Amino acid sequence: MHRIGVATIAAALSITGLIASPALATPTSHTWQVQAGSVPRFDSAGPSGAGNRFYPETIAINQGDSVKFAPFGPHTVTYNRPPGPVFAVFAPSGGTTLADPGATVSSGFIIGPPATFTVTFASTLPAGVYKFICALHIGMTETIDVRPAGATLPKGDADYAAIAQREMTRDLASVDRIAAETTEDFEDEDGNVKVLAGAGNDRVSNIRFFPAEVTVQVGHSVTFLKTKDPTEPHTVSFNLPPPDPNNPVGEFIASGGSRFDGTGIANSGFMSTKEQYAYFQLAGTPLPVARTRYRLTFTKVGDFPYICALHDGAGMFGIVHVVR
């Protein structure tokens, strides 16, 4: 996932255009629209924050209908998540038709636009409520209420477009508010500095370091905290080499110790909360266990850039200036 390519997205794109659909072609089958992740906020480095939710979060359909999921950024669309670490969900599984409540249907790792994933709910699928998740973002769920074929539905395309727009507008307002509140001085009385790796709530994330540029005296420390971004994991990585295709998790394993002179690698490894660690089913893997704190002491004067290995493609990088 290192240096994930970020699709070019028009910031002014309206969700209404994504959700609104033509009138039903037939009375028995229809394709509904759901967006995975909000249209992002942008800064000079790229997409800086977004909602990690499905829009709308709940939809009612008929047996035989389909739902087209259109992602913004990296997501999965997963029903009955297969067991194993999150990496096991990166490949698609189960096809695109849900005919058995006990089956698995998963898009695998997809990045959009333009990628989409359409799930058809078989006409023989029992009516009931079906819950889909994004395996990458804890709490990101879509509830699909499948009703008998021909049953009158409570809402149509325009209704869901309006609901989705309201949900996304609310979440983007949270992105802006959290980013503004998080921009402050994190230096303590001893001259050590704290930096937040990401900032958000249970619905949204700003994939930035706060602050992204800090200055410390030689011999002092910076403590990186992943305590304010519950839906996104991060890394803090200095001098990280290009990803090794033969060891795809290598860049997420901690390395380099607690002191840094600008040479070699200093890497927090995968930073996640206890809830994320369990959600990603990472027990038994070499990744750090629920690591939310990474303290690094700088022993040499210089300027030391670093990245989040998960989100540097979206512009998540920072720099530590070390002075005498």
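**Exercise 1. A charged network around Asp171**

Asp171 has a relative accessible area of 2% and is therefore buried. Starting from this residue in the predicted model, work out which side chains meet Asp171 in salt bridges, and which residues are joined into one network.

*Solution.*

Step 1. Begin with the neighbour in sequence: the side chains of Arg170 and Asp171 form a salt bridge, with an N to O distance of 3.5 Å. Arg170 has a relative accessible area of 44%, so this residue is partly exposed.

Step 2. Look for a second partner. Arg203 also meets Asp171 in a salt bridge, at 2.8 Å from N to O. Arg203 sits in the loop between strand S15 (193–200) and strand S16 (204–210), while Asp171 belongs to helix H2, so this pair ties together parts that are 32 residues apart in sequence.

Step 3. Check the burial of Arg203. Buried means under 20% relative accessible area, and Arg203, at 16%, is therefore buried.

Step 4. Follow the shared partners: salt bridges join Arg53, Glu57, Arg170, Asp171 and Arg203 into one network.

**Exercise 2. A salt bridge between distant parts of the chain**

How many salt bridges does the structure hold? Take the one between Arg41 and Asp176 and locate both ends.

*Solution.*

Step 1. The count is eight salt bridges.

Step 2. In the chosen one, the side chains of Arg41 and Asp176 meet at 2.9 Å, N to O. Arg41 is in strand S2 (residues 41–43) and Asp176 is in helix H2 (residues 157–182), so the pair links distant parts of the chain, 135 residues apart.

Step 3. For accessibility, Arg41 is at 31% and counts as partly exposed. Asp176, with 37%, is partly exposed as well.

**Exercise 3. Surroundings of His234**

Is His234 buried or exposed, and what does this residue touch?

*Solution.*

Step 1. Place the residue: His234 is found in the loop between strand S18 (221–225) and strand S19 (237–238).

Step 2. His234 has 0% relative accessibility, so it counts as buried.

Step 3. Search for a polar partner. The side chains of His234 and Asp229 are joined by a polar contact of 2.7 Å.

Step 4. List contacts, leaving out residues up to four places away in sequence. Those of His234 include Lys226, Asp229, Phe270, Met271, Cys308 and His311.

**Exercise 4. The two cysteines**

How many disulfides does the model contain, and how far is the sulfur of Cys134 from the nearest cysteine sulfur?

*Solution.*

Step 1. A disulfide needs two cysteine sulfur atoms within 2.5 Å. The count by this rule is zero.

Step 2. Cys134 is in no disulfide, and the nearest cysteine sulfur, belonging to Cys308, is 16 Å away. Seen from the other end, Cys308 is in no disulfide either, with the sulfur of Cys134 as its nearest, 16 Å away.

Step 3. Cys134 has 0% relative accessibility and so counts as buried. Cys308 is buried too, with a relative accessible area of 0%.

**Exercise 5. Strand order in a sheet**

For the open sheet of five strands, give the strand order, name the edge strands and describe how strand S6 is joined to strand S12.

*Solution.*

Step 1. The order is S4-S1-S6-S12-S9, and the pairing is mixed.

Step 2. Strand S4 (54–55) and strand S9 (97–98) are the edges, each pairing on one side only.

Step 3. Strand S6 (residues 66–71) and strand S12 (residues 117–121) run antiparallel and are joined by four bridges. Val67 has Val119 in S12 as its bridge partner.

**Exercise 6. Nonpolar cores and Asp261**

Which residues have the most contacts inside the largest nonpolar core, and where is Asp261 placed?

*Solution.*

Step 1. The largest nonpolar core has 65 residues, and Phe121, Phe238 and Val320 have the most contacts inside it. Phe238 touches residues including Phe224, Phe260, Leu296, Phe304 and Val320. Another core, of 15 residues, lies apart from the largest one, with Met168, Leu172, Val175 and Phe186 among its members.

Step 2. Asp261 is in the loop between strand S20 (259–260) and strand S21 (266–267). At 34% relative accessibility, Asp261 counts as partly exposed.

Step 3. Asp261 shares a 2.6 Å polar contact with Thr263, side chain to side chain. Not counting residues up to four places away in sequence, Asp261 touches Thr299, Lys300 and Phe304.

Note on methods
Residues numbered from 1 in each chain as written. Predicted model: local features only at pLDDT ≥ 70, side-chain atom pairs only at ≥ 80, totals over all residues. Heavy atoms only, no water. Helix = DSSP H or I, 4+ residues; strand = E, 2+ residues; numbered from the N terminus. Buried < 20%, exposed > 50% of the residue type's maximum accessible area, 1.4 Å probe, protein only. Polar contact = N/O pair within 3.5 Å; in protein donor to acceptor, adjacent residues only side chain to side chain. Contact = heavy atoms within 4.5 Å. Pairing = 2+ DSSP bridges. Salt bridge = Lys/Arg side-chain N within 4 Å of Asp/Glu carboxyl O. Core = buried A, V, L, I, M, F, W, Y, C linked by side-chain atoms within 4.5 Å.
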